[in-house]
Every structure is written in C-alpha cells, then in structure tokens.
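Work through the exercises below with the model open. Try each task before reading its solution.

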Amino acid sequence: MAGIQRFRDFVIALTRLAEAGAPEAAWLEKGRALLAELVRHDDWLPASCAEAGPTYRQYLLHCDPLERFSVVSFVWGPGQRTPVHNHTVWGLVGMLRGEEVSTEMRPGAPAPSCDGARCPMIAGRVDRLRPGEVVAVSPNLSDIHVVENALPDAASISIHVYGANIGAVRRSVFDPATGAERLFVSGYSNAAVPNLWDRSAEAA
Ligand code: FE
C-alpha cells in the first residue's frame with residue numbers, strides 16, 4: 001500500500017478514536033502508535049504539501065468535520081524555525097523526512113535581575129527527531145517549545161496531529177528574551193486540502 005490510501009486509512013483510524021470519545025491519554029497512546037506507523041513510510045505525502053517556502057510552512061492535510069482533531073505537515077527549509085509557541089491542546093509530532101530539533105521552553109523564575117515580568121525564558125529538554133520517531137505535546141506535559149530544522153542543507157518534514165482544528169486555535173507566541181506573550185492564530189499555508197477520497201485507481 002502506498003500513496004494517499006495510506007493516509008486515508010490513518011484518518012479513518014483517528015476518526016474512530018474520536019467517535020469512541022477517546023480521552024487525551026488514549027490519543028497519546030493509540031494515536032501515537034498510529035502516527036508512528038504512518039511516518040514509518042515516506043510514500044504518501046502529496047508533493048503540494050511537502051514544498052518548503054521562504055518561512056516554514058504548515059499545510060492542513062485533514063481536519064475532522066467536528067474539529068476534534070486535525071493533521072498537518074510542517075515543512076522547514078534549511079535554517080527555518082518556529083517562534084516560541086504553545087498549543088493549548090494535545091499534539092503528536094511524527095518525523096517523516098529529514099530531522100528537527102524541539103526545545104522545551106518555560107517562563108523564567110522572577111529574579112532580582114529581571115525587570116518586573118520581563119524575565120528570559122529557560123530552555124528545557126531538547127528532542128532531536130529522526131524519521132519514524134514520535135513525540136507528544138500537551139498542556140498536561142510541556143506545552144511551550146521552539147522547533148527548528150536540524151539539517152543545514154535540506155528540507156525537513158514532520159506530520160502533526162492535534163486535538164482541535166489547530167490553525168483556528170487562539171494560542172500564544174512568546175519572546176524568549178522577556179517571556180512576553182502575544183495572541184497567535186496560525187492558520188494554514190494551503191487553500192486546498194489533499195483529496196483522500198478518489199478511489200478510482202484502487203478500483204482499476
Ligand atoms: Fe509546536
């Protein structure tokens with residue numbers, strides 16, 4: 001099995017989880033296993049959702065009609081990175097192609113050297129993701145991070161699943177130098193989503 005059929009089966013399995021009313025823990029366990037299986041294969045992502053741009057790209061691959069989950073491809077060109085940001089919902093990140101580095105960030109503790117609330121943020125755990133690997137984010141785990149392409153000379157692509165229509169979620173970006181928080185609604189880089197539902201090639 002190759003091509004969009006693989007991704008369609010993934011979407012169907014996620015929809016079944018949503019229909020079963022899966023709590024976050026079940027998404028992080030069963031959804032994680034499904035995503036790990038998906039990113040073990042790099043033969044299904046449409047080329048239109050794998051193109052790098054002048055800044056990192058966030059392509060919507062599928063959004064559940066009831067916005068219980070969404071699936072996105074993130075594409076980083078060489079040297080590209082996200083701002084420091086949160087999610088406010090659970091998320092799963094599976095590496096498909098290349099490598100990325102995710103660095104956990106947390107608010108700096110107020111110190112005499114800080115000017116009121118303007119404290120530098122503190123970097124925490126660093127995850128370097130290679131193809132096939134999956135990590136989770138959640139407000140219940142660690143929700144603030146910065147992600148960057150680990151490769152200096154090639155694009156890297158990861159597939160993300162979130163517990164909402166992530167492009168529409170009101171969340172935040174942070175200035176790492178001061179911890180200052182700003183409202184952020186990411187949207188998506190694409191105007192059209194991949195067609196998962198043309199089964200004519202399989203029928204032929
Ligand atoms: Fe993120």
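**Exercise 1. How much area does the protein expose, and what share of it do carbon and sulfur atoms supply?**

The model is predicted: local features need pLDDT of at least 70, side-chain atom pairs count only at pLDDT 80 or more, and totals for chains, interfaces and linings use all residues. Residues are numbered from 1 along each chain as its sequence is written, and side-chain values use heavy atoms, with hydrogens and water left out.

Step 1. The exposed area is about 9900 Å² (Shrake-Rupley, 1.4 Å probe).
Step 2. Carbon and sulfur atoms supply 54% of that area.

**Exercise 2. Find the donors of the iron ion and place them in the chain**.

Step 1. List the donors (N, O and S atoms within 2.8 Å of the metal, or 3.2 Å for Na, K and Ca; water is not among the atoms, so sites may look incomplete). NE2 atoms of His-85, His-87 and His-145 coordinate the iron ion at 2.1 to 2.2 Å.
Step 2. Write the spacing: H-x1-H-x57-H.
Step 3. Locate one pair. His-87 sits in the loop between β3 (84-85) and β4 (91-97), while His-145 belongs to strand β8 (residues 145-149), 58 residues away. Strands are DSSP runs of E, at least two residues, numbered from the N terminus.

**Exercise 3. Are His-87 and His-145 buried or exposed?**

Step 1. Set the cut-offs: buried is under 20% relative accessible area, exposed over 50%, partly exposed in between (1.4 Å probe, protein chains only).
Step 2. His-87 has 1%, so it is buried.
Step 3. His-145 has 7%, so it is buried too.
Step 4. Over the 204 residues of the protein, 47% count as buried.

How values were computed
Helix = DSSP H or I, 4+ residues; strand = E, 2+ residues; numbered from the N terminus.
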